[in-house]
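Good morning, and thank you for coming. I would like to take you through one structure, moving from a single residue to the wider arrangement of helices and cores.

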Amino acid sequence: MIYSYDGTFFGYLSAVFDAWHDGLAQVEDICPDSRLGLAFSEQCFVPADDGKVRSILDALLAQCGPKPCHYLYYAFLAEEEGRGLALLQYLRRAFRYKHEFLHHLSEEPIWTVRQWARRTGNERHKLLGLARFRELSDGMLYCQLQPTCCVVPVMAPHFVRRFPAERWVLHDTGRSLGVYYDGRQPVVVTIPRATAAPDLSADEEAIEGVWQDYYRTIAIPSRRNEALCRSYMPKKYWSFLIEMK
């Protein structure tokens with residue numbers, strides 16, 4: 001049996017709940033609905049269900065503590081190939097070891113998930129310092145990113161604390177995903193691919209022009225060291241830096 005879901009974390013946990021209830025021995029895979037490709041396997045789509053999600057997370061928190069919950073969510077956001085079964089094996093061990101879980105971090109399923117979670121956490125940390133908000137013509141702050149892991153949802157709480165009175169959007173352009181904050185509550189939204197550049201305010205365009213002039217003026221061509229720049233900030237992030245435009 002292949003269990004499919006809508007691609008979200010809540011959808012995944014809902015599929016895990018049904019797979020566990022039906023019997024784990026017959027689970028072939030748990031994957032997003034968009035990735036189904038095996039024609040000769042029985043398939044079951046499981047819609048996201050808050051009750052099923054709460055049952056798993058409450059049990060995991062009560063029996064194992066907060067750390068396994070953190071690893072599970074961040075590892076899911078790493079979007080690694082084969083994460084459906086890998087995270088399921090991780091959950092089975094977490095519930096087996098309960099509060100002794102942290103004594104078994106070297107076991108392969110737990111170690112793999114922990115590494116995925118660390119990759120997500122590291123990218124989140126880098127992008128919190130790299131994110132550049134630009135003021136749009138309507139006064140809203142807009143930030144474009146294209147991360148490897150799906151880190152925009154876990155970056156949002158930082159900016160809620162940082163800009164509590166502003167309207168802003170964090171836009172993951174590669175996934176057409178964003179977090180919109182209206183000054184009261186952040187909401188995950190779908191953002192269609194744009195065909196035109198953002199409509200910037202006059203002040204923003206002036207400030208960007210001044211910053212680019214400053215960046216060019218202080219640069220010493222003979223001291224340019226792209227290898228050193230890449231060691232601090234991978235080149236895949238440069239396309240959204242104002243000074244690189």
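**From one threonine outwards**

Let me begin with T120, which is situated in helix α5. Please keep in mind throughout that we are looking at a predicted model. Is T120 buried or exposed? Its relative accessibility is 0%, and because buried means under 20%, T120 counts as buried. Setting aside its neighbours within four places in sequence, T120 is in contact with Y74, L77, A78, C149 and V151.

Two of those partners, Y74 and L77, bring us to the packing of α3 with α5, since both belong to the α3 side of that contact. The axes of α3 and α5 are 7 Å apart, and the angle between the helices is about 70°. The two helices are therefore roughly perpendicular to each other. On the α3 side, the residues in contact are Y71, Y74, A75 and L77. They meet V113, R114, W116, A117, T120, G121 and R124 in α5. By residue type, this contact divides into seven nonpolar, two polar and two charged.

Next, the overall picture. The protein chain has 245 residues, of which 42% count as buried. It contains eight helices and eight strands. Along its principal axes, the C-alpha trace spans about 65 × 40 × 40 Å. Among contacts between residues at least 6 apart in sequence, 66% join residues at least 24 apart.

I turn now to helix α1, and to its packing against two other helices. Helix α1 covers residues 9-22, and helix α3 covers residues 66-77. Their axes lie 11 Å apart, at an angle of about 115°. Accordingly, α1 and α3 are roughly perpendicular to each other, and their crossing is right-handed. Which residues of α1 and α3 meet? From α1 there are F9, Y12 and L13, and from α3 there are L72, Y73 and F76. The residues of this contact divide into six nonpolar, no polar and no charged.

The second partner of α1 is α4. Here the axes come within 11 Å and cross at roughly 65°, again in a right-handed crossing. Y12, V16 and W20 in α1 meet R83, G84, L87, L88, L91, R92 and F95 in α4. This contact divides into seven nonpolar, one polar and two charged residues. Y12 appears in the contact with α3 and also in the contact with α4.

That leads to the nonpolar cores. In soluble globular proteins, nonpolar side chains tend to be buried together. The largest nonpolar core of this model has 63 residues. Those with the most contacts inside it are Y12, I30, M155, W168 and L170. A second, separate core has six residues, among them L136, Y142, V169 and L200.

I30 deserves a moment of its own. Not counting residues up to four places away in sequence, I30 touches Y3, Y5, Y12, A15, V16, A19, G84, L85 and L88. One of these partners, L85, lies in helix α4. How far apart are L85 and I30 in sequence and in space? They are separated by 55 residues in sequence, and by 6.3 Å from C-alpha to C-alpha. With the same exclusion of residues up to four places away, L85 touches V27, E28, D29 and I30. L85 itself is partly exposed, with a relative accessible area of 30%.

M155, which is among the residues with the most contacts inside the largest core, is also one of the buried residues of helix α6. That helix runs over residues 152-162, and its buried residues are V152, V154, M155, A156, F159 and V160. Against what do the buried residues of α6 pack? They pack against two helices, α3 and α5, and against the strands β5 (141-145), β6 (168-172), β7 (177-181) and β8 (186-190).

Finally, I would draw your attention to the backbone at two loop positions. Most residues other than glycine have a negative phi. E79, although it is not a glycine, has a positive phi of about 55°. E79 is found in the loop between α3 and α4, and at 30% relative accessibility it counts as partly exposed. K98 likewise has a positive phi of about 55° without being a glycine. K98 is located in the loop between α4 and α5, and at 38% relative accessibility it counts as partly exposed.

To close, I return to the starting point: T120 in α5, buried at 0% relative accessibility, and part of the contact between α3 and α5. Thank you for your attention.

Key. Residues numbered from 1 in each chain as written. Predicted model: local features only at pLDDT ≥ 70, side-chain atom pairs only at ≥ 80, totals over all residues. Heavy atoms only, no water. Axes fitted to C-alpha atoms, helices over the stretch in contact; angles between N-to-C directions. Helix = DSSP H or I, 4+ residues; strand = E, 2+ residues; numbered from the N terminus. Parallel < 35°, antiparallel > 145°, perpendicular 65-115°, else oblique. Left-handed = near helix turned anticlockwise from the far one by under 90°. Contact = heavy atoms within 4.5 Å. Nonpolar A, V, L, I, M, F, W, Y, C, P; charged D, E, K, R; others polar. Core = buried A, V, L, I, M, F, W, Y, C linked by side-chain atoms within 4.5 Å. Buried < 20%, exposed > 50% of the residue type's maximum accessible area, 1.4 Å probe, protein only.
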